[in-house]
Each structure stands twice: as structure tokens, then as C-alpha cells.
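Me: Could you take a close look at one part of this model for me, and put it in the context of the chain around it?

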Amino acid sequence: MTDAVIIDHAFILAAILFCLGLTGVLVRRNLVFVLISLEVMLNAAGLAFIAAGSAWGQADGQIMFLAVVTLGAAEVAVGLGLTLLLFRRFNSIDIDQLNKLKG
Amino acid sequence: MDILWLIPTLPLLGFTILVLSSGRMPREKARVVGIGSIALSFMTTLYIATQYYAAASHGLDHGAGFTVSLWPWIVAGDLNLNFSLYLDGLSLSMLFVITGVGTLIHIYASGYMWDDPDYTRFFTYMNLFVAAMLMLVLADNLVLMFLGWEGVGLCSFLLIGFWYKDPENGFAARKAFVVTRAGDTAFAIGLFLLFRELGSLEIQEILHRATDEWEVGANMPTLIAILLLGGAVGKSAQLPLQTWLPDAMAGPTPVSALIHAATMVTAGVYLIARTHPVFLLSPTAMTLVASVGLITLLIAGFTALNQWDIKRVLAYSTMSQIGYMFLALGVEAWDSSIFHLMTHALFKALLFLTAGSIILALHHEQDIRKMGGLRKQLPVPFWCFLIGSACLIALPPTSGFWSKEPILLAAWEVDPVFWAGAVLGAFLTAIYTTRLMILVFFYTPEGGPPETHEPKGWQLHPPLIILAALSLVAGAFQLPAADALPHAHEHHPPLWVEVTGILLPLVGIFIGYQVFLKEKWQGLRMANQQGLRDFLAKGWGFDWLYDALLVKPFLTLARLNRNDLVDLVPKGVVVASTQCYYFFSRGQNGQLRFYVATMAAAAIMIISLALFT
Amino acid sequence: MSAIFFYNFIFYSTAVIAVVATLLMITRHNAVHALLYLIISSLSMAIIFYLLGAPFAAVLEVIIYAGAVMILFVFVVMMLNLGHRSVEQEAAWLPAKGWIVPSILAAVLLMLLVAGLGEPENLRGVHLVGVKEVGIVLFGPYLLVVELASFLLLAGLVGAYHLARRSTPPTPKYGDAQSHFTPVSDSEADEAATDQRIEEGKA
């Protein structure tokens with residue numbers, strides 16, 4: 001196999017990981033697990049960026065990956081803060097309880 | 001003549017002031033505005049009359065009138081209408097009646113309605129009515145007359161239903177409005193035809209062109225005349241549209257006096273008199289007018305014999321007397337008809353106002369079975385009612401005699417059947433009037449006469465006395481209308497005709513005296529035949545007939561049509577939007593995972609769209 | 001064995017490890033186990049980044065992702081101190097039939113994505129993009145990205161601090177009767193109360 005196919009397979013890997021992360025978000029009711037699955041999705045997106053940057057030989061892919069990681073870190077921080085709030089309020093971290101915005 | 005426009009404007013101004021005061025005006029001021037506007041109108045009429053007579057004595061052309069054009073009104077295509085007023089003898093006579101009798105009735109009403117909380121509203125409506133009626137009689141073109149026509153219809157509705165808190169009054173007002181509406185539609189169609197055929201709607205224009213255009217007995221003038229007659233019978237409560245007048249007595253008594261005795265119900269007579277050339281072109285229509293008048297006066301006469309409400313007796317009596325006016329028009333006794341209109345206005349207003357005094361004195365009691373023997377307790381009403389009844393029965397030398405006799409004689413000239421019916425009507429009039437007089441004033445029931453209390457207010461007696469005096473002497477006046485209308489032919493009937501005409505009412509008085517006071521000949525009383533009594537008392541079943549023929553089918557259709565096709569559209573919109581609401585609100589269940597799943601599904605759809613198209 | 005063979009072998013085996021680790025991660029009932037699997041997945045991602053010629057990204061992945069973010073997760077999970085009852089609850093929350101629809105959805109999405117990739121005809125090879133290059137680009141055209149990233153992090157910092165701040169007395173913990181964890185309160189009332197207790201202790 002040549003080098004070129006590696007890039008393609010890296011993309012496929014990114015797609016697989018993305019979909020696994022999506023499954024995790026959809027299935028789990030525990031808020032922490034949802035955040036973890038979101039991390040997996042972000043990771044997969046970052047892999048796609050790296051692979052593209054490598055294919056073009058430019059640094060842009062890694063810059064995007066840097067941005068993605070920054071985003072993930074900030075989002076995790078805020079998300080976990082919200083988890084703590086949720087726990088203090090409802091004494092459980094079931095996101096199905098957060099359904100007051102319905103109608 | 002320049003101030004002719006003041007005559008309808010002054011009551012309109014009174015109306016505007018009273019409306020804008022919106023009930024905050026104290027009663028003393030309101031009555032000054034209400035009475036004052038009509039009184040000023042009357043004085044203007046007097047001034048205009050002097051000018052008219054001055055011009056007439058300078059050799060005015062017979063029947064010509066003065067036109068005062070105020071401003072251009074409707075200009076559309078071939079139609080060119082001005083807001084213009086026309087004065088001739090006919091309209092001058094009507095002006096005297098409306099403003100003169102109107103002023104007296106307003107003065108009376110200011111005392112009669114004193115205790116009513118809606119005092120100002122009453123005068124507001126009355127002023128509007130007088131303004132509309134004056135517009136009607138002064139109109140130079142038929143559209144302006146129609147404006148006044150509709151205006152008086154509206155005010156009649158407002159005033160009949162004056163005490164609106166009782167729904168029965170509202171029903172009576174609505175009935176009046178709807179029934180006259182049927183007539184108004186005929187009138188309007190007649191107007192359309194006149195415009196289409198003759199190209200103009202100005203009255204004098206029409207009357208000249210009509211005689212040029214059509215010959216006697218042609219179809220078009222017959223049709224138009226019948227349509228105009230339809231409008232007239234609606235407003236004047238003749239057959240077949242007479243059912244509203246007895247129920248209209250639900251309004252206050254001054255309203256009944258002004259609108260339903262003296263002025264509005266005479267609008268039909270005025271219309272036919274005004275457009276008489278068109279009618280003269282159609283002998284069929286003339287016969288129809290006379291027949292309608294005749295039949296109505298007989299029906300009303302028989303019905304008045306069986307009424308127990310004093311105002312309803314007077315209402316049917318009005319219907320009957322207007323039948324006389326229509327009969328007179330139909331037999332070409334034009335000036336007699338207008339003369340009878342004038343005298344009738346005087347003595348009928350007198351009778352109604354007197355009835356109002358009696359009603360007030362007996363604490364709003366209107367049933368004559370509960371009255372009796374009142375002549376000692378209520379002297380002024382008694383004498384006024386006596387004079388009014390004498391005029392109604394047409395006893396010489398009251399004005400009623402001078403106006404009714406020519407009608408009888410003219411009827412004889414045209415057709416003896418008309419004469420016979422008219423004389424029979426006079427006979428019936430005598431009987432029911434005597435019955436009314438006796439039951440209210442003479443016949444004392446076992447328990448003695450009922451309690452009366454003198455109503456307070458200086459305004460109640462003077463108008464009665466003035467009207468009584470006028471009714472007695474009005475026979476001496478020469479009517480200005482005589483100039484505007486074609487002269488009747490000279491009558492030379494046989495002597496026995498005239499004698500019968502005078503004697504038969506006297507026989508009627510005698511019969512009434514015997515039956516009701518002396519209580520003999522009780523077999524004649526229809527009180528003993530219940531079925532006949534009910535039939536006659538309910539106006540010969542017209543109410544029932546119209547209810548079955550027109551009202552019930554209409555209501556059934558309306559009820560069937562309640563959920564019709566057109567309703568489906570808005571209802572469908574409602575149902576559709578409600579269903580959409582239910583459908584879409586299920587997607588807002590607040591579950592985070594559901595939202596993510598929908599986002600994923602949407603992403604799938606978008607990507608597949610991007611890939612495969 | 002050629003270098004390319006090694007290269008491919010490492011690449012594909014690391015990829016398999018990453019997928020398996022992620023798969024295991026999303027099916028665990030114990031949060032800490034899931035986090036550990038996630039760390040494994042991140043480390044294998046780092047190796048793949050390195051193989052794709054992006055050493056800077058690989059190191060970033062290890063330091064920030066596996067190092068900071070996961071540890072943050074672990075801290076919070078420990079702080080919540082859910083106990084073994086939460087494990088049973090997780091099992092209750094994950095019935096077998098709950099997996100069907102999400103799996104179908106994800107599978108469809110996966111197929112679409114893969115189909116969208118198309119034929120690998122014009123793909124270039126793997127290029128090495130070194131740290132020096134990335135640094136030059138960061139300080140050059142992408143300067144603003146750095147600034148914006150710092151904004152974002154500041155916002156996240158302040159937000160997280162504010163959200164997690166405790167101004168009321170702690171609520172009883174889930175599962176355990178006695179609380180093993182007494183949080184440090186930073187509200188003034190508590191500080192005053194603590195001072196008072198110290199004073200009383202002294203007196």
C-alpha cells in the first residue's frame with residue numbers, strides 16, 4: 001500500500017470514531033458520559049484536520065487541531081461546572097431530568 | 001328663500017349638540033336645545049311661508065317651486081346630483097305639519113319624559129328624526145329623499161327601542177325596521193328604473209320627462225309606480241307591510257305621536273303626492289293605491305274594535321286614516337289627501353298626547369279595561385280627547401269633517417265600491433272611537449274609577465289645548481299644497497250620498513253608546529265569539545302569516561346553513577393549525593438526547609442531499 | 001521487512017486499538033473505567049498523529065488532551081463521588097434495546113461519510129509538517145487564532161469558576177450517609193463562621 005491510501009484510511013478512521021462518539025452521546029444518560037463522548041467526537045474531527053493538513057503538506061491542519069483542542073478544553077471546563085451544578089440541584093446527573101423547556 | 005337650508009339644519013344642529021354633550025348636559029339645558037331647534041325651525045318656516053305667499057301673490061306660476069341648490073353631491077358618469085332643496089306648496093304644507101306639530105310634541109315630551117334617566121338621548125333622537133323628515137320633504141332629487149327616508153327609518157328604530165333594556169322593545173324596533181326595509185328595497189328599485197329610463201333623478205325633471213316619454217297605461221310607469229307604492233306602503237304601514245305599526249307602540253308616547261301618527265307614516269302619502277305624474281300615467285297603479293288604502297282602512301277598523309291597549313287602538317286608527325289618505329290619492333283627490341294628512345296630524349297627535357297624559361296619571365297603565373269614569377278626575381285630557389275623537393269620527397264642523405267628506409265624495413265619483421268601503425270605514429271608526437271614549441271616561445266599573453295622580457309639569461297641558469283648538473278650526477284654512485297639486489274634479493254626487501256620509505258615523509256613535517255604556521245589544525259584541533275576536537284582534541292573522549311564510553323558512557335556512565361550505569375554510573385553517581401545533585410540539589420534549597438525534601438525522605439528510613444531487 | 005510495512009502495521013494496529021478502546025469506553029458502566037479507556041484512545045490517536053507527520057499535534061494530544069482534559073474529568077468524577085450505586089444505575093439506564101436506534105443512525109451517517117470520501121485517486125502522500133513550521137504559521141498568518149483561543153480559554157475559566165462556586169452549604173451526597181468530602185467553602189459567611197470556631201477553640 002502506498003502512502004496515499006493512508007490519508008484516506010485516516011479519514012475513514014476519523015469517520016468511525018465520530019460515529020462511535022455520536023452513538024455514545026445518544027445512548028448515555030449520565031451527563032459525564034455524554035461529555036466524554038463529545039470529546040471523542042472532537043478528537044475524531046481533529047484527526048480529520050491533521051490528515052488533511054498532512055496531505056497538503058501545510059501547517060493549517062495542525063493549527064485547526066490546536067483550535068479544536070482549545071475549544072474542547074473550554075467546553076469541558078464549563079460542562080463539568082454545569083454537571084456540578086446539576087448534581088447539587090437534583091442530586092443526580094441524569095440529563096433526562098432537564099426537560100423543563102418542553103412544549 | 002335663502003334661509004331655506006336652515007329648516008333642516010337647525011334640528012340637525014340640535015342633534016349634534018346633544019350628541020356631543022354625551023349625556024353630561026343637565027335636563028334643563030337639554031330640553032332647551034331639543035325644543036328650541038324645532039321651534040326655531042318652525043319660525044323659519046313661518047318666515048319662508050310669508051316669502052312664498054308674497055311671491056305667489058305676484059303671479060307665481062301655478063305649481064312652480066323654488067330650488068335652493070347647496071352643493072354638488074354625487075357626480076358619477078351620467079349621474080349628476082346636487083344637495084338641493086325644493087319648496088313648493090306641498091312641501092310647505094308638510095313643513096308646517098312637521099315643525100308645528102313637532103314643536104308642540106317636543107314641549108309635551110319635555111314634561112312627559114322628565115323622570116326618564118335617558119332624557120337627553122330622547123331629544124337627541126327626536127331632533128335627528130325631525131332633521132331627516134325635513135330633508136325628506138324638502139328634497140329636490142329622489143336620492144336625497146331616500147336619504148331622509150332611511151334617516152327616519154333609523155330614528156324610528158332608535159325611538160321604538162328607546163327603552164332598550166326590555167328585549168320586547170328591541171324586537172318591536174327590529175320588526176319595524178325590517179318590514180319598512182322591504183318597502184325601501186322596492187323604492188330603491190323604483191329609483192333605479194327611473195334613472196335608467198329617464199336619465200335623471202331630480203324630481204321636477206322626472207315629472208316633466210315622464211309625461212313626455214310614456215303614454216298613459218304603458219308598462220314602465222306602471223311598474224315604477226307599483227315599486228314606489230311598495231316603498232310607500234312600507235313606511236305608511238299599509239297592506240301588506242302594516243304589521244309593524246301596532247308593535248311600534250312600544251316606544252314612548254310622544255314618539256308614537258310624532259312619528260307614528262303625524263309625520264313618518266305620512267311619508268308614503270307625501271311620496272305618492274310628489275310623484276303623482278308618474279302615477280297618473282298608470283291607471284292600474286292608481287287603482288292599486290286606492291284598493292290598498294281601502295282594504296287597509298277596513299282591516300284596521302275591524303281590528304281597532306278589539307284592542308284593549310289604548311295606544312294600540314290609536315295605532316290601528318292611524319293605519320285606518322292613512323288608508324283614507326291612500327284612497328284619496330288613488331281617486332285623484334290629491335289636495336284632499338294632503339289636507340286630511342294635515343288634520344289627521346293635528347287630531348291624532350292630540351289623541352296620542354292625551355292618551356299619554358292618561359297613562360301617566362294612571363302610573364303607566366295602558367289597558368282600558370282598567371280605566372273608566374275618568375272624566376271627573378282628568379278634565380283637561382277628557383275635553384281634549386273628546387275634541388280629538390270628534391275630529392276622528394269626522395263630525396261637522398270639526399276639521400276632520402272638512403277633510404274626510406271630499407274624500408268620500410271623490411271616491412263616489414270613481415267607483416261606488418270605494419265609496420261604500422270608505423263609508424263603512426267611517427262607521428267602524430265611529431264605533432271604535434265611541435267605545436274608547438266610553439271605556440276610558442264614562443263607563444264606571446264596580447269598584448269605582450281607578451286612582452289617578454296629577455302628573456307634575458306645566459308642559460303637559462298647553463300643547464293639548466293648542467292642538468285641540470287647531471283641530472277644531474283647521475277646516476277653515478286653505479292649504480298651500482293646493483297650488484302644487486292638480487285640482488280635483490268638481491263633485492256633484494246625489495244628495496243621499498252626502499247625507500249617508502254624515503249620518504252613518506252618527507249611527508255608529510249611537511250603537512257604540514248603546515253597546516258599551518248602556519250594555520244593551522250585547523249580542524253584537526264580538527267579545528262573545530272568541531275565535532273571531534282573536535283573529536281580528538291579531539290584525540287578521542298577518543303576523544302569523546308572515547311568520548310562517550317568511551320568518552320560519554328564513555330561520556330554518558339559516559340554521560341549516562350554519563355549517564356551510566364557506567365555513568369550512570376558516571374552520572379548516574383552525575383545525576390544520578391546531579394539528580400542526582400538536583405535531584410540532586411533540587418534537588419539543590425537552591430531552592437533550594432527542595435533540596441530538598434529530599440533529600444527526602438532519603445531518604444525514606443534508607449530507608445525502610449534497611452527495612446525491 | 002521494509003519501513004513501509006512497519007509503518008502500515010503500526011498505523012493499522014493503532015487504529016484498531018483506538019476503535020476498540022472507544023467502543024469499550026462508551027459501553028462501560030463505571031465512569032472511571034470509561035475515562036481510562038478514553039485515555040488509551042487518546043494515546044493511540046497521538047501515535048497516529050505522529051505517523052501522519054504531525055509531531056506537534058501528537059504531543060499536544062498527549063499533554064492537553066490525555067493530560068489535562070481527562071484528568072479534569074477524573075477529578076470531577078471523583079468529586080461527585082457517585083459510589084457503587086451509580087454503577088447499578090448505569091446498568092439500568094443502558095438496556096439493550098436502547099442501542100438500536102442510535103446505532104442505526106450512526107451507521108447510516110458513517111456510510112454516508114465514507115461514501116462521500118470518494119475514490120482515493122488524487123490523494124497525496126504523507127508529509128511531515130514539523131514544529132518549526134507550525135510555529136512560524138502561528139506567529140504569522142494565524143496570530144489571531146492564538147488571541148482568540150486565549151479569549152475562549154479565559155471565558156471558559158471564568159465561566160467554570162462561577163458555575164462551580166459554592167455559596168450555599170453543601171447538599172447531602174448521593175448514595176452515602178456520611179460525607180467523606182467536606183468542601184472548602186469560599187463564601188464570607190462560612191469564613192466568618194470558621195474564624196469564630198477558631199476563636200472559640202482558642203478561648
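Reply:

**A helix pair in chain B**

Let's begin at a chain border: 6 residues of chain C are in contact with 8 residues of chain B, contact being C-beta atoms, placed from the backbone, within 7 Å. The chain C side of that border has 5 nonpolar, 1 polar and no charged residues; Ala, Val, Leu, Ile, Met, Phe, Trp, Tyr, Cys and Pro count as nonpolar, Asp, Glu, Lys and Arg as charged, and the others, Gly among them, as polar.

Keep in mind that this is a predicted model, where local features need pLDDT of at least 70 and side-chain atom pairs pLDDT 80 or more, while totals for chains, interfaces and linings use all residues. Residues are numbered from 1 along each chain as its sequence is written, and chains are lettered from A and ligands numbered from 1 in the order in which they are written.

Chain B has 24 helices and 2 strands (DSSP runs, H or I of at least four residues and E of at least two, numbered from the N terminus). Now zoom in on helix 1 (residues 6–21) and helix 2 (residues 27–57) of chain B: they pack at about 175 degrees, axes 8 Å apart, with axes fitted to C-alpha atoms over the stretch in contact and angles running from 0 to 180 degrees between N-to-C directions. So helix 1 of chain B is roughly antiparallel to helix 2 of chain B, the label for angles over 145 degrees. Helix 1 of chain B brings residues including B:Leu6, B:Leu10 and B:Ile17, and helix 2 of chain B brings B:Val33, B:Ile38 and B:Thr44 among them. By class, that contact has 11 nonpolar, 6 polar and no charged residues.

Methods. Two residues are in contact if their C-beta atoms, placed from the backbone, lie within 7 Å. Angles under 35 degrees count as roughly parallel, over 145 as roughly antiparallel, 65 to 115 as roughly perpendicular and the rest as oblique.
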